[in-house]
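Student: I would like a close look at one residue and at the parts of the chain around it. Please take it slowly and connect each step to the next.

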Amino acid sequence: MIRVGIVDDHAIVRTGLRQFLSEQVDLRVTGEAANGTEALDLVRRGDVDVLLMDLSMPGQSGVDALAAIRARAAELPILILSGFPETHYATTLLRQGASGYLNKECDPEEIVKAIRTVARGRRYITSQVAELLADTMAGGGDKLPHEALSERELQVFLRLAKGETVGHIAESMFLSVKTVSTYRTRVLEKLKLASNSDLTYYALKNGLIQ
């Protein structure tokens, strides 16, 4: 029996994953967490064999949580389930110790397959991530400007591109308005853009939003 811990800040996502995984005879959800701090508590209790973790969470980010968990439980398989496409963070997170990276739009059966793979001590690499890793090793391909954004900068960028206000973003991400404004300034500088409408156009053009 593979004991699985689910880390996601959306209760409905955790519920859906728990129900689906409970249908598998060899999987059992033994813990849930809504943020990085709770994820660490889950790991400390030692009752999980695989951690299925979202990347974007309030407070401590998934990237920070990954590093903290790795420091405490170096051998625990951590499977990242993210709303961001593989091109944004997959290779970086694999280098930082993630056991696999899946987009939330993947087939649910692929999540089960990935859990079973990492539980055996192997990494789960999708074909798209394999291509990204190969390109990285070969040093090929020019990166798009948004690929240089940090996780938080990317989150703010996509929210602004969708038309959210700085105040609403600050509230939903548990950040100050000043902090979000600073992220906005950095994003505009890195992408060499001038306004929120420019951000929206860029995101649409590169398929980051619909």
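Is Gly100 buried or exposed?

Tutor: The model is a predicted one, and in it Gly100 counts as buried, because its relative accessible area is 0%. The residue is part of strand S5. If its neighbours within four places in sequence are set aside, Gly100 is in contact with Ile78, Leu79, Ile80, Leu94 and Tyr124. A further distance leads towards a helix, since the C-alpha atoms of Gly100 and Thr117 lie 9.3 Å from one another although 17 residues separate the two along the chain.

Thr117 is one of the buried residues of helix H5, a set that also holds Ile111, Val112, Ala114, Ile115 and Val118. In general, residues three or four places apart in an α-helix point the same way, because there are 3.6 residues a turn. The length of H5, which runs over residues 108-119, can be checked as well: at 1.5 Å a residue its twelve residues should span 16 Å, and the 17 Å between its end C-alpha atoms agrees with that expectation. The buried residues of H5 pack against strand S5 (100-103), and also against strands S1 (2-7), S2 (27-33), S3 (50-53) and S4 (78-82) and helix H1 (11-22).

Strand S1 offers a second residue to set beside Gly100, namely Ile6, which counts as buried because its relative accessible area is 0%. Outside the residues up to four places away in sequence, Ile6 touches Arg14, Leu17, Arg18, Leu21, Val29, Gly31, Glu32, Ala33 and Leu52. For one of these partners, Leu17, the C-alpha atom is 7.9 Å from that of Ile6, with the two positions eleven residues apart along the chain.

The nonpolar cores come next. The largest of them has 48 residues, and those with the most contacts inside it are Leu51, Met53, Ile69, Leu93 and Phe157. Helix H7 gives the most to this core, with six residues. A second core of 19 residues is separate from it and includes Ile6, Leu17, Cys106 and Val118. Within the largest core, Ile69 can be followed further: apart from its neighbours within four places in sequence, Ile69 is in contact with Ala39, Leu40, Val43, Leu51, Met53, Ala74, Leu76 and Ile78. Ile78 is also among the residues in contact with Gly100, so that residue links the two descriptions, as it appears in both contact lists.

Helix H7 deserves its own paragraph. Ten of its eleven residues are buried, so this helix is largely enclosed by the rest of the structure. The buried set is made up of Glu151, Arg152, Glu153, Leu154, Gln155, Val156, Phe157, Leu158, Leu160 and Ala161. After the helix comes Gly163, with a positive phi near 100°.

Two packed helices are described by the angle between their axes and the distance between the axes. For H7 (residues 151-161) and H9 (residues 177-191) the angle is about 90° and the axes are 9 Å apart, which makes H7 roughly perpendicular to H9. On the H7 side of this contact are Arg152, Glu153, Val156, Phe157 and Leu160, and they meet Val180, Tyr183, Arg184, Arg186, Val187, Lys190 and Leu191 of H9. By class, the contact of H7 with H9 holds seven nonpolar and five charged residues, and no polar ones.

With helix H10 (residues 196-205), the axis of H7 comes within 8 Å and crosses at roughly 100°, so H7 is roughly perpendicular to H10. Here Phe157, Leu160 and Ala161 of H7 meet Asn196, Leu199, Thr200, Tyr202 and Ala203 of H10. The contact of H7 with H10 divides into six nonpolar residues, two polar and no charged.

Two loop residues complete the picture, and both concern backbone torsions. Most residues other than glycine have a negative phi. Phe174, in the loop between H8 (166-172) and H9, has a positive phi near 60°, and with a relative accessibility of 62% it counts as exposed. Lys192, in the loop between H9 and H10, likewise has a positive phi, near 55°, and it is exposed because its relative accessible area is 74%.

Key
Residues numbered from 1 in each chain as written. Predicted model: local features only at pLDDT ≥ 70, side-chain atom pairs only at ≥ 80, totals over all residues. Heavy atoms only, no water. Axes fitted to C-alpha atoms, helices over the stretch in contact; angles between N-to-C directions. Helix = DSSP H or I, 4+ residues; strand = E, 2+ residues; numbered from the N terminus. Parallel < 35°, antiparallel > 145°, perpendicular 65-115°, else oblique. Contact = heavy atoms within 4.5 Å. Nonpolar A, V, L, I, M, F, W, Y, C, P; charged D, E, K, R; others polar. Core = buried A, V, L, I, M, F, W, Y, C linked by side-chain atoms within 4.5 Å. Buried < 20%, exposed > 50% of the residue type's maximum accessible area, 1.4 Å probe, protein only. Expected span 1.5 Å × (residues − 1).
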